[in-house]
Amino acid sequence: MLFKKNNKKQRKVNNRIPFVGISFVGGFLFLVVFGNWIAPYDYEYWDMASMMLPPAWLDGGSMAHVLGTDALGRDVFSRLIHGSRFSLLIAVACIACYGTIGVIMGLLSGFMGGITDMVIMRLCDLWMSMPAIILAIILVSLMGPSALTVIIVVGIAGWPGYARIVRGECLSIKQNDFIRLARVAGCSNFRIMFSHVFPNIANTLIVLVTLNIGQMIILTATLSFLGLGTQPPSPDWGLMMNEGRQYINSAWWLVVFPGVAILMAVLGFNIVGDWLREILDPKQKLR
Amino acid sequence: MTENINKDLLLKIQGLKTHFFTKRGVVKAVDGIDFSIRKGEIVGLVGESGSGKSITSLSIMRLVPKPAGEIVEGKILLDNENLLEKSAEEMRQIRGNRISMILQDPMVSLNQILRVEYQIGEVFRFHKKTNGSLREKCINVLKNVKVPSPELRIRDYPFQFSGGMCQRVVIGMGIANSPELLIADEPTTALDVTIQSQILQLMKRVQQETGAAILMITHDLATVAQICSRVMVMYAGRIVEKAPVHTFYKTPAHPYSTGLIKSVPVLGKKIGRLFSIEGQPPSLLNPPAGCCFASRCNMAKEICHSEYPPEITLDENANHRVSCWLHA
């Protein structure tokens, strides 16, 4: 009896909804949507009279600027809120870009097999052995740094990961009888790929995308931090850290708060992604 | 052959060989078979697992798994047109339209995450034959195969159907475009006995209504007895005996056929231990010279081990043929 009770408890813990993750992600998405109304200032608004103010709870801080201001007197809190939109938009655009390429390549590779499969997979190997950061530096020097450049760089660098996973899924789904029956019904390869195989990998994709948004936020922040991504005055979190870096001794809040924002968003998406994987994967559910 | 017989000939297969090229060698899954199916008849193709029944059906559909499998020789004539000479696009027009197929396990032959309506619609999307809206046509398909309240069920997903209902849906899809030939690859194997007989009755009715010929692939002799008019017995990639159903059960000619019939239990007859054919079918990787069944045959003669027997006609009218040295 006791054993049984224990067992039940264990199971409950495993399936618990991750409130922390969901609240981080929820808060983040809330800021993305309603940021304009919440933020007390515009992200470009500057006021030389109140530059380098510390957060409100420190000496010299004021409630007008809760998280302090930067070297140009811009409100850190407002910029963080506006920055959430930048981060998410860039992350989503990147994923949409390489997700599409990856899924198409993966489906082609897994479904067609043979020479198509071989060519695409070798292309993946080639692509993966190219360091993304160096690729980014090359492209930026060609196109000039901007948000668009980031999207293009990350977009064309990331597809092999998706292609591999989609290919693997596709290989196992391809073995099913319903694919054969679709053939018997006279469906073309492309139709089978997109209307029969693709819906079956949607679960995997949802998990993959959720887990990936976190990575993308980090990657775009890295690129911005290196000065390869979005340019001032946009309130990108990575860019804010870069700008605050030179004042780290006197104004730590310029670096710490964007850093915490990145951390919370990424952590949130990772936790939610893991949770989604658990509830969407029937094999995991049985455990 | 007279003009008349040629006229209702639907499918004629001549010297079909489908081989699989594996790392360990060539597997001769189908090794030279000849048969023909007339319009509107139900022919049974029986044999044990791995005798090449399914590969025969896939060969007719030109769906042999590539790149390992390949049709190396032979002709598949549908109305005197060789299917092996068709392009992929022409073949697509034939599949689901003139030849259709029902697969073994209904629970996996439908895509679990697409609505039934969508999957039935697939058949119509490529072969625009009938008029009316797609939805109506799909409802009609379900009506045809006696699925209760088709208007509602059409919105369901396959996992909401039972096995028997799923198989009905699959059969409905198979006959939706009134094909001339329906290949049923063990359509009742995955179902329980009561449902089996319902499905067989359904197929028989469907056959009478649409006039389609059915190639019934099975290893269940009871199924054959129930609905087929002719039987072909396949062993190790070859057809060893072809006979009308009644002749086959009364006077089977090939020792393998005799063994098969003897190994079926008869209700109310006390025979103690059930008869079984000793030994295993030969490896198709290096089939023995001569008759493949010789090593398991207790009537084997010397010649059986060295030379493959020719096809011998026992009864021209009934079209009873056997490949066995005992009858030579």
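Which residues make the nonpolar surface patch of about 920 Å²? Before selecting them, keep in mind that the model on screen is predicted.

Begin in chain A by selecting W57(A), L58(A), M63(A) and V66(A), and then add W252(A), V256(A), V260(A), L263(A), M264(A) and L267(A), since together these residues make the nonpolar patch, with an area of about 920 Å². Within that selection, centre the view on M63(A), which you will find in the loop that runs between α2 (19–38) and α3 (76–112) of chain A. M63(A) has a relative accessible area of 67%, and because this is over the 50% cut-off, the residue counts as exposed.

Move next to chain B and select L326(B), which sits in the segment that follows β12 (320–322). Its relative accessibility is 33%, so L326(B) is classed as partly exposed. If you then display the residues around it, leaving out those up to four places away in sequence, you will see that L326(B) touches P255(B), M299(B) and K301(B). For a sense of distance, add N97(B) to the view: this residue and L326(B) are separated by 229 residues in sequence, and their C-alpha atoms lie 43 Å apart in space.

The last stop is T188(B), in the loop of chain B between β7 (181–185) and α8 (193–210). Is T188(B) buried or exposed? Its relative accessible area is 4%, and T188(B) is therefore buried. To see what lies around this side of the loop, select Q196(B), I199(B), L200(B) and T223(B), with which T188(B) is in contact once neighbours within four places in sequence are set aside.

Definitions and conventions. Residues are numbered from 1 along each chain as its sequence is written. Chains are lettered from A and ligands numbered from 1 in the order in which they are written. This is a predicted model: local features need pLDDT of at least 70, side-chain atom pairs count only at pLDDT 80 or more; totals for chains, interfaces and linings use all residues. Side-chain values use heavy atoms; hydrogens and water are left out. Patches are made of residues with over 30% relative accessible area and no salt bridge: like charges are joined within 9 Å, nonpolar side chains (Val, Leu, Ile, Met, Phe, Trp, Tyr) within 5 Å. Accessible areas come from the Shrake-Rupley method with a 1.4 Å probe; for residues, only the protein chains shown count as cover. A salt bridge is a side-chain nitrogen of Lys or Arg within 4 Å of a carboxyl oxygen of Asp or Glu. Helices (H or I, at least four residues) and strands (E, at least two) are DSSP runs, numbered from the N terminus. Buried means under 20% relative accessible area, exposed over 50%, partly exposed in between (1.4 Å probe, protein chains only). Contact means heavy atoms within 4.5 Å.
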